[in-house]
Amino acid sequence: MELGQLSLYDQAILLFAAIVLFTSFVMLAQARIVPLIHTFAWQGTLLAVTTALVAYATNHPHLYISAGMTFLLKALLIPWMLHRLAVRLRIHRDVEAVAYPSLTLLAGGGLVIFSYHVALPIVQLSALITRNTIAVSIAVVLLGMLLMITRKKAISQVIGFMSIENGLFFAAVVSTYGMPMVVELGIAFDVLVAAILFGVFFFQMRASIDSLDVDRLNRLREVDR
Amino acid sequence: MSPLIFAYLALAGALASGVVSLGADRYPHLLRYGSSLFLGACGLLAIVAGGWAMIDETPATDVLALGLPWLKWHLRFDPLSGFFFSIVGLLVFVTSLFAPGYLREYTHPGNKQALFALGLFSGLFVLGMLLVLLADDAFVFMISWELMSVSSYFLVAYQHQHAANRRAAFLYLLMAHIGGVAILLGFGVLAGFGGGFTFEAMRDADLSATWASIAFALAFIGFGMKAGMVPLHAWLPEAHPVAPSHISALMSGVMLKVAIYGLIRFTYDLVGDIQWQWGVVLLIIGSASMLLGVLYALIQNNLKRLLAYSSIENVGIILSGLGLSMIFIGTGHVVLGVLGLLAALYHILSHALFKGLLFLGAGAIAHACHEYDLNNMGGLIRRMPQTAVFFLIGCLAISGLPPLNGFVSEWLTFQAALQAPALESGVLRSLIPVAAAVLALSAVLAATCFVKVYGVAFLGQSRSRRVGHAHEAAIGMRLGMGLLAVLCVLFGIFPSAVIGVIDAIPNQLLGQGPPSAAAHGWLWLTPISPRVASYSAPLVLVGILLFALVAYAWLRVRAVNIRRGDPWDCGFGSLNSRMQYTGTAFSMPIQRVFAPVWDLKVDIEETVNPAQPLRTEGIRHQLQVHDKSWSRLYEPIGRLVLAAARRIGLIQTGSIHTYLAYSFFTLILLLWVVT
Amino acid sequence: MTDWLMALAQTLLFVAMAPLLGGWIKRVKCHMQNRAAPSLWQPYRDLAKLFRKHTVLAANASWIFRATPYIVFGATVLAAAVVPLVAVNLPTAAIADVIVLVGFFALARFFTALAGMDIGTAFGGMGSSREMMIGALAEPVMLMAVFTLAMSASTTNLSEAVTYTLNSGLVLRPSFIFAALGLMMVAVAESGRIPVDNPATHLELTMVHEAMILEYSGRHLALIEWAGQLKLMIYLVLVANVFFPWGIATEMSPDNLAKGLVAIAGKLALLGVLLVTWETVMAKMRLFRVPQFLGFAFLLSLLGMLTRVVLESGL
């Protein structure tokens with residue numbers, strides 16, 4: 001079937017899926033902390049919009065609640081907390097040195113192909129038109145992990161972690177029209193709590209090793225080489 | 001009458017040129033004229049024979065009463081052989097035009113080298129290449145293959161007074177033989193299943209998918225090593241540049257193609273059932289070869305080394321075309337597979353032409369000013385105006401610029417790659433465009449590389465006195481280069497006509513011609529259909545010339561005279577040749593962007609006057625480039641082999657009794673096995 | 001025959017309009033930066049002035065230096081001839097597809113770079129070396145963007161591709177959005193505009209394109225400048241007509257053609273404003289940031305291609 005034969009809503013969902021994937025790549029490429037947080041906020045906003053769109057297109061009113069919650073939490077609250085943390089820790093002007101930026105991005109491209117390959121069997125089971133987005137959500141998860149691997153600053157790793165959660169949420173919304181409300185609420189608060197805990201952890205970390213550079217944690221190793 | 005007669009005559013010509021030069025040490029003219037005359041005849045005959053074989057529908061076969069008692073020499077001359085036969089013939093003919101002028105300094109009385117060796121081994125080398133193409137059983141194939149390898153070894157080692165050349169030659173011999181073993185084993189697998197060493201038997205062999213893949217892998221390693229694919233390429237940039245330039249042209253222009261011929265013959269013809277996974281391997285290796293080849297070429301300053309690395313790039317392009325073809329054939333899209341194969345064949349032809357031209361050009365420069373280092377050249381366009389024109393055409397062609405021949409083959413490869421949506425597998429669908437992007441990147445990098453070559457060598461001011469006094473090449477040398485330059489242009493402008501002839505090869509191998517490449521007349525090249533893509537090289541040339549001439553005429557009519565003046569020197573006094581960008585400086589931005597690719601060693605020495613510590617008096621910048629494959633692949637393997645050899649060396653005791661005991665126990669063991 | 005005449009007329013229109021577009025961009029830029037703006041026709045006056053002036057050649061300039069302006073101009077005009085401007089289905093589109101179009105630019109770049117090295121000044125070599133690097137990184141991006149399009153439309157013929165987008169109506173194609181963005185970034189890099197190069201500067205360390213053509217004067221310079229304006233216009237027309245083809249004439253009736261003309265003028269004016277806004281808010285990058293810029297453009301094109309494969313096929 002051609003793309004042109006889908007309804008405009010379905011097309012829009014595909015479009016937003018693509019843009020969500022794009023924001024993941026932007027995060028991967030972004031070396032500065034504050035724009036990174038902003039991109040993360042944009043990803044949350046896109047997620048919320050997509051959810052609202054799915055709610056409208058499929059007539060699932062409970063998704064509106066999810067959308068609103070996503071927007072509040074992931075587009076406003078968590079980015080705001082992270083931003084405040086960054087300012088208070090005085091790292092908001094820092095630029096992270098990524099070892100091979102272009103290579104990382106190419107690896108990201110490879111991950112997308114890989115997720116497509118992985119998602120193929122799942123896609124064949126689903127009858128929904130938007131099932132192709134499963135590959136995108138897997139890619140967002142993997143890209144979040146890649147972000148965590150390539151970065152040194154703990155705050156970027158937290159963002160990577162949150163973006164993994166975004167990917168999972170996206171998969172749930174577009175492929176099965178959302179998880180049961182209870183589960184969603186639970187996850188949302190888990191994420192919030194995680195964000196707060198991370199904040200506390202950052203201060204602890206800086207107090208004890210005087211840096212947010214996670215490479216310094218190597219020193220905690222028992223046996224010296 | 002069959003084309004084989006001409007082929008035999010060509011072989012005889014090659015042999016005669018070798019034999020004639022046996023007397024070259026006494027009569028140097030025998031080498032310059034006698035041997036070249038026979039080579040020229042051999043080339044012409046080979047072109048005729050090859051062309052005939054391509055037009056002739058039925059392959060000509062023959063059995064010669066040579067070789068082993070139970071295995072006579074089987075020869076076969078079909079369109080595929082014919083195509084390569086003409087390419088070899090063409091380059092041999094051109095080098096025979098080039099050689100008399102070029103060899104003059106070799107025959108100089110002061111030269112101590114054995115002249116007969118150069119002529120003899122050149123003849124045998126050509127003989128070996130031609131015979132490989134005719135072989136129809138593994139025995140002839142391997143014999144002529146070895147003849148080609150060994151005689152070219154002597155040519156590489158010809159200037160053996162330099163230790164580096166001896167080392168390069170040894171490396172070449174070693175790699176050629178490792179490759180030879182792999183090929184032999186590949187034939188062995190086929191022969192084992194087919195029950196005979198003739199290609200006829202191998203074609204009928206019924207292989208399981210696994211065994212077919214093993215045979216393919218062996219052949220791919222063997223032929224790929226000879227063709228210079230990454231990472232088995234390390235010998236190529238060492239060996240090709242140290243041979244005399246017209247031999248380098250033959251080695252880079254044609255010998256690599258003979259290896260590709262082997263690969264095509266082995267997979268398309270002998271194995272037959274192509275699996276798409278092989279295509280993926282070829283595509284990946286091909287992409288790696290072209291990118292690394294061109295990046296290494298870009299950073300070289302020795303002209304011949306640079307050209308040798310660029311051959312690796314072009315082999316990569318050919319392999320990618322073949323890879324695409326195999327992917328399509330393996331997934332059942334034979335028509336598209338034909339397109340990929342055509343692209344590869346066209347690039348084989350194009351590369352033979354322009355690489356031959358460029359190596360001959362490098363030879364002409366070396367002949368004129370004894371210089372290979374780009375950073376000592378400059379301004380040659382004024383000293384060697386005709387060579388400069390031919391070399392420019394070669395540079396344009398190898399950079400894949402329309403409307404020359406290099407562009408046609410790259411365009412066909414792109415078109416083949418763009419048919420990826422026809423494939424079922426999404427991974428392949430997304431992999432192939434990435435490979436195409438790599439091709440685009442290498443094409444532009446090649447253009448950068450040859451802007452550097454041409455700009456530094458021919459343009460600007462001369463950077464050394466010898467270069468400033470260079471003289472135009474001899475008439476024969478110019479004739480040879482000019483012929484290739486004209487062919488580069490012609491094969492660029494009339495691709496449909498050429499493809500109309502090459503069609504015979506996919507017809508023979510796959511039983512299918514291209515869908516409609518030349519269906520819309522000589523003016524249009526339409527590989528799939530006019531709606532999908534079309535390219536009209538004649539109109540492109542006419543269009544560019546037309547618009548350029550209109551602008552020229554219009555401006556000429558109302559032209560004000562041109563005044564000559566000094567270039568802008570920022571008010572510091574006149575420019576000198578040391579202020580120009582050197583080759584190293586030119587490639588510096590690329591070197592910085594792709595830094596992890598090379599093993600670079602940069603030495604910057606500053607000399608400071610102790611009285612004025614803040615003032616630098618002079619800066620010495622030295623850049624050493626090493627091939628990463630050495631430290632990553634060859635040296636570990638070398639160490640491994642040495643360690644193994646040391647272990648095995650334990651059995652060498654030096655005592656004669658122990659050796660006798662070895663023989664004794666071997667005898668006992670064998671007797672036991674036999675009973 | 002009338003088709004070929006129409007094609008010729010369109011090409012001439014293309015060539016004649018290119019300086020106007022340059023004038024428009026300059027004017028909008030001045031307005032946006034609160035400067036007094038030159039007239040819309042200023043580029044024509046500049047060209048006319050250059051054509052009248054004496055041509056000064058360096059004493060050691062070879063024939064390559066003298067032939068380059070004509071080759072560059074010829075190749076660029078031919079490139080303009082194959083791009084549908086006002087109408088589709090013109091016969092010139094079949095001469096060269098979009099890959100050949102890239103080849104024309106490569107040919108022009110090759111000769112300009114050679115001309116830069118011909119005199120043997122340090123500026124020329126510097127410009128050539130930098131231009132070739134930027135070109136080397138930009139061309140794969142362009143081809144990748146084009147491939148995305150070609151895979152959807154299953155053609156590389158520009159006229160056919162425009163017709164395809166026109167016929168499929170308004171479809172939200174994520175791949176096209178990425179490809180269009182990638183193509184725009186390439187357009188910025190290839191036509192030597194901020195943030196990659198600054199067309200208005202003669203500051204030694206930041207020059208790229210200007211450094212290469214520093215030795216040109218008089219009518220040679222005029223041709224090269226004209227070709228540069230033409231190149232920018234070709235890129236903008238590509239973006240405008242391939243991704244937003246609405247309004248282009250599919251039949252050769254006068255009112256259709258008039259509509260096509262108005263449509264493309266409007267689209268180009270809009271794109272010009274967009275370009276100016278972009279140039280005003282961006283700062284010029286240092287040279288070794290350009291690979292990152294183009295790397296990002298490549299990522300966009302790659303994403304376009306991947307979304308084409310992942311999201312838009314096998315529905």
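Q: What makes contacts in chain A count as far apart along the sequence?
A: Two residues are in contact if their C-beta atoms, placed from the backbone, lie within 7 Å. In chain A, 72% of the contacts with a separation of 6 or more are between residues 24 or more positions apart. This is a predicted model, where local features need pLDDT of at least 70 and side-chain atom pairs pLDDT 80 or more, while totals for chains, interfaces and linings use all residues. Residues are numbered from 1 along each chain as its sequence is written, with chains lettered from A and ligands numbered from 1 in the order in which they are written.

Q: How many residues of chain A count as buried, as a percentage?
A: Buried takes 20 or more other C-beta atoms within 10 Å of a residue's own, again placed from the backbone. Of the 225 residues in chain A, 41% make it.

Q: What makes the pattern of chain A α-α-α-α-α-α-α?
A: Helices are DSSP runs of H or I with at least four residues, and strands are E runs of at least two. Chain A has 7 helices and 0 strands, so α is what you read each time.

Q: Why are β3 of chain B and β1(C) called paired?
A: Pairing needs at least two DSSP bridges between the strands. Here 4 bridges join β3 (residues 562–565) of chain B to β1(C), running parallel, so they pair. Arg564(B) sits opposite Leu57(C).

Q: Which residues of chain C touch chain B, and how many?
A: 67 residues of chain C are in contact with 65 of chain B. Of the chain C side, α5(C) gives the most, 17 residues.

How values were computed. A residue is buried if 20 or more other C-beta atoms lie within 10 Å of its own, exposed if 12 or fewer, and partly exposed in between; C-beta atoms are placed from the backbone.
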